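User: Hello! I am new to this structure and would like to learn how to read it. Could you walk me through some features?

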Amino acid sequence: MLLEIKDLTKEYIRGAASFRAVDQVSLSVSQGDFVSIIGRSGSGKSTLLNMVAGLITPTAGSIAVDGQSIPSLSDKEASRYRNSKIGYVPQGHSVLSNLTVLDNVRVPFCFFKRKGDGSLRALSLLEQVGIPHLAQAYPKQLSGGELRRVSIARALINDPVLLIADEPTGDLDMHTTADIMKLFRDISQKGTAVLMVTHELDTISFGNRTCVMNSGVLTERPAT
Ligand SMILES: Nc1ncnc2c1ncn2[C@@H]1O[C@H](COP(=O)(O)OP(=O)(O)OP(=O)(O)O)[C@@H](O)[C@H]1O
Ligand SMILES: [Mg+2]
């Protein structure tokens, strides 16, 4: 099993009371799975993904990727984990404004010592997300959907075993959304597990599993 989540809980305190943003979630994801997570705003989807990415610490429960426990990693180990094992497309915009599009895509490649400079691979990913002509542009010259595609290309630069994508097509048109979903499906068929949060129900047919998040509780929909 590539990703094994057991009884994962995140409690937050709001005012005087605490509540569970993620409530005893269990989920097993294999290599090649493409899992879509849907659910209302505020139901805990991003909190779940951020725990899997090692960005926030759970209150209780366990997460293992390739048999390695994510919450027990040190900061340094968590950085290496994020850089080598996972690709992460965050919900908000996260590109660096002083770097070109190409260099933004290359950033994760350059973090730890790797052969080459990643330019060719970055360019090939920009082609796959449909914006090779913007390689030398700066983020402020791009539209919201183009910026989103930069962060998708950046998430794939290090060939992750697990791609975590939080509403990756939220600001894309139908046609581009379908292209990106086909790309995710291809990647999953080549063995990368995909964990995607989406509000667009059209996109879930590209995956093989669908889960619904409701007030922190995750339920898998039976396959149809
Ligand atoms: N750092 C925090 N402190 C307190 N409450 C938080 C914190 N982060 C998130 N929350 C709350 O936890 C709940 C889940 O938030 P989360 O961002 O996971 O929702 P979501 O399902 O991703 O929503 P959306 O679809 O709007 O992105 C929300 O009620 C949110 O207000
Ligand atoms: Mg969210």
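Analyst: We will look at the ligand site, the domains and two backbone angles. This is a predicted model, where local features need pLDDT of at least 70, side-chain atom pairs count only at pLDDT 80 or more, and totals for chains, interfaces and linings use all residues. Residues are numbered from 1 along each chain as its sequence is written, while chains are lettered from A and ligands numbered from 1 in the order in which they are written.

User: Which residues surround ligand 1?

Analyst: A residue is near a molecule if its C-beta atom, placed from the backbone, lies within 6 Å of it. Here the residues around ligand 1 include Tyr12, Arg14, Lys45, Ser46, Thr47 and Gln91. Helix H1 (45–52) and strand S1 (3–14) each give at least two residues to this shell, and H1 has the largest share, with 3 residues. Helices (H or I, at least four residues) and strands (E, at least two) are DSSP runs, numbered from the N terminus.

User: How is the chain divided into domains?

Analyst: Domain bounds come from an automatic or database domain assignment. In this chain, it gives domain 1 (1–85 + 161–169 + 191–224) and domain 2 (92–159). Their contact takes 5 residues from domain 1 and 7 from domain 2, counting residues whose C-beta atoms, placed from the backbone, lie within 7 Å.

User: Is Asp7 buried or exposed?

Analyst: A residue is buried if 20 or more other C-beta atoms (placed from the backbone) lie within 10 Å of its own, exposed if 12 or fewer, and partly exposed in between. Asp7 has 12, so it is exposed. Its phi is positive, about 50 degrees, although Asp7 is not a glycine.

How values were computed
Contact = placed C-beta atoms within 7 Å.
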